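Trainee: Could you take me through one part of this model in close detail, and set that part in the context of the chain around it and of the neighbouring chain?

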Amino acid sequence: MTEPALAQAPTLRQLFTGLLQVALSSFGGGLSVWSQRIIVEQRRWMSNDAFLTGLTVARLLPGPNQINLAVYVGATFHGLRGALVALAGILFIPFSLLMGLGLVYFQLRGLPLVDRVLAGMVAVAAGLALSMGFKILPTYKADPVALLLAAAVFIAMQGFHVRLVPLLLVVSPLAMLWYWPRNVEETKP
Amino acid sequence: MMLGGPELGQRVLSAVSTCHPVRLTDIGQLLKVMGTFLGLSLFSVGGGNTLLTEYHHLSVDQFCWLTTNQFNDLYALAEAAPGPSSMLVGLLGMGAAWREGPLWAVLTGVMAEVAVLLPSTLLVVVVCLSWNRFRHSPWRLAFERAMGPITLGVLFAVGVKILLLSDTNPAGLVVSLLVCALVLRTRISPLWMMAVAGLLGGLGIIHR
């Protein structure tokens, strides 16, 4: 399959509207699918390969994946300015909406009915939080060391109430040492 | 203070009696709060939801901006609203400054969100502009392999902690476990589950 030719690099304004469109399109969910559809297929800013590299970087680095991806796309074309414009584009509408929702919540939280409805929603949110670990568990099923490491982290946090930051500062270097590529071949493309 | 263990119960008790809400119109305090979120940003491995229990610790135990119930409410709102649920930080900032009035609350919400996004954003820019150097570096490979399992452990701990904080009665627990199973096994949108559970809550079937 040959890919269609790329369009011209987006201007800052196009970057902003493009990511605004990504945010709007994904209101029902599926942010990553929409990013690809709009950035690669509709606007043809990037090849699919370049986009997938961006996704790899976005997942690798700290920060929310989809926001990191927007930042990556912006930085590709206009460096730091592009990154900030892309960030504004992807966050402007959802964040404004959420702030509006927050204002309504803090005004109305004293009402018994609001409190009861939220009690139901909280139970769902807790279920979503619980599902996060299970979602990525299959990736590590065949790796006993990974499972042992995960179990140690879980026990430290849940059993001994170790805070995340000191935990990561101690465990990450040890884990990196263990997973350090042992032969040169591994680091080649 | 890092390790809880046996003295945890005592600590919770003393926290209740000694925790005074931080006044955020005091600019020094606002900077301190922003500094805290700035510092957390680079530890949001594997997405952002790994920081959930840290957010709870900060906004409920350390700064007493919110009660646990309010924290749970805000997390549920962030999950229900469109967009990344990591925008929860904006709501926490808003809650922190609510007693100073809506305008200051919104400003603080925006500043908190900016603080938590800025460091990770700058890091993405740096890596994006020099990816070819990072790409085949052993550091990158080791980091990628190491963070996966750590994220797995953190996410399970966060999930269990949030579950324990949220569900104080059997009905809520059943709903949470059901939602967890449905999310993993079906493609039903969590928004539908939110709607149904909201209704059940309104009818008094799920309560806290």
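**A close look at the chain contact and helix α2(A)**

Mentor: In this predicted model, 86 residues of chain A are in contact with 97 residues of chain B. On the chain B side, at least two residues each are supplied by α3 (52-62), α4 (68-80), α5 (88-96), α6 (102-129), α8 (138-166), α9 (170-185) and α10 (190-202) of that chain. The largest share of this side comes from α8(B), with 24 residues. Sorted by class, the side of chain B that touches chain A has 59 nonpolar residues, 29 polar ones and nine charged ones.

With that setting in place, we can turn to chain A itself. Chain A has seven helices and zero strands, so that, read from the N terminus, its elements run α-α-α-α-α-α-α. The radius of gyration of chain A is 21 Å, well over the 16 Å that the globule rule gives for 189 residues, and chain A is therefore more spread out than a compact globule. Its C-alpha trace spans about 65 × 55 × 30 Å along the principal axes. Of the 189 residues in chain A, 42% are buried, and among the contacts of chain A with a separation of 6 or more, 46% join residues that lie 24 or more positions apart.

The part I would single out is helix α2 of chain A, which covers residues 31-42. α2(A) has 12 residues and reaches 15 Å from its first C-alpha to its last, which is close to the 16 Å expected at 1.5 Å a residue. Its buried residues are L31(A), W34(A), S35(A), Q36(A), I39(A) and V40(A), and the buried residues of α2(A) pack against α1, α3 (48-60) and α4 (65-108) of chain A.

Among these partners, α1(A) deserves a separate description. Two packed helices are described by the angle between their axes and the distance between the axes. Here the axes of α1 (residues 12-25) and α2 of chain A come within 9 Å and cross at roughly 145°, and the crossing of α1(A) and α2(A) is right-handed. From α1(A), the contact is made by G18(A), Q21(A), V22(A) and S25(A), while α2(A) brings W34(A), S35(A), I38(A) and I39(A). By class, the residues of the contact of α1(A) with α2(A) divide into four nonpolar, four polar and no charged.

Following the chain onward, R44(A) comes just after α2(A), in the loop between α2 and α3 of chain A. R44(A) takes a positive phi of about 50° although it is not a glycine. R44(A) counts as partly exposed because it has 15 C-beta neighbours inside 10 Å.

Chain B offers a residue to set beside R44(A): C64(B), in the loop between α3 and α4 of chain B, has a positive phi of about 45° although it is not a glycine. C64(B) has 17 other C-beta atoms within 10 Å and is therefore partly exposed.

The helix α3 of chain B also holds T53(B), which counts as buried because it has 23 C-beta neighbours inside 10 Å. Leaving aside neighbours within four places in sequence, T53(B) is in contact with V158(B) and K161(B). T53(B) and V158(B) are 105 residues apart in sequence, yet their C-alpha atoms are 5.9 Å apart in space.

Notes:
Residues are numbered from 1 along each chain as its sequence is written. Chains are lettered from A and ligands numbered from 1 in the order in which they are written. This is a predicted model: local features need pLDDT of at least 70, side-chain atom pairs count only at pLDDT 80 or more; totals for chains, interfaces and linings use all residues. Helices (H or I, at least four residues) and strands (E, at least two) are DSSP runs, numbered from the N terminus. The radius of gyration is taken over C-alpha atoms; the globule rule is 2.2 Å times the number of residues to the power 0.38. A residue is buried if 20 or more other C-beta atoms lie within 10 Å of its own, exposed if 12 or fewer, and partly exposed in between; C-beta atoms are placed from the backbone. Two residues are in contact if their C-beta atoms, placed from the backbone, lie within 7 Å. Axes are lines fitted to C-alpha atoms, for helices over the stretch in contact, and angles run from 0 to 180 degrees between N-to-C directions. A crossing is left-handed if the near helix is turned anticlockwise from the far one by less than a right angle, and right-handed if clockwise. Ala, Val, Leu, Ile, Met, Phe, Trp, Tyr, Cys and Pro count as nonpolar, Asp, Glu, Lys and Arg as charged, and the others, Gly among them, as polar. The expected span of a helix is 1.5 Å times one less than its number of residues.
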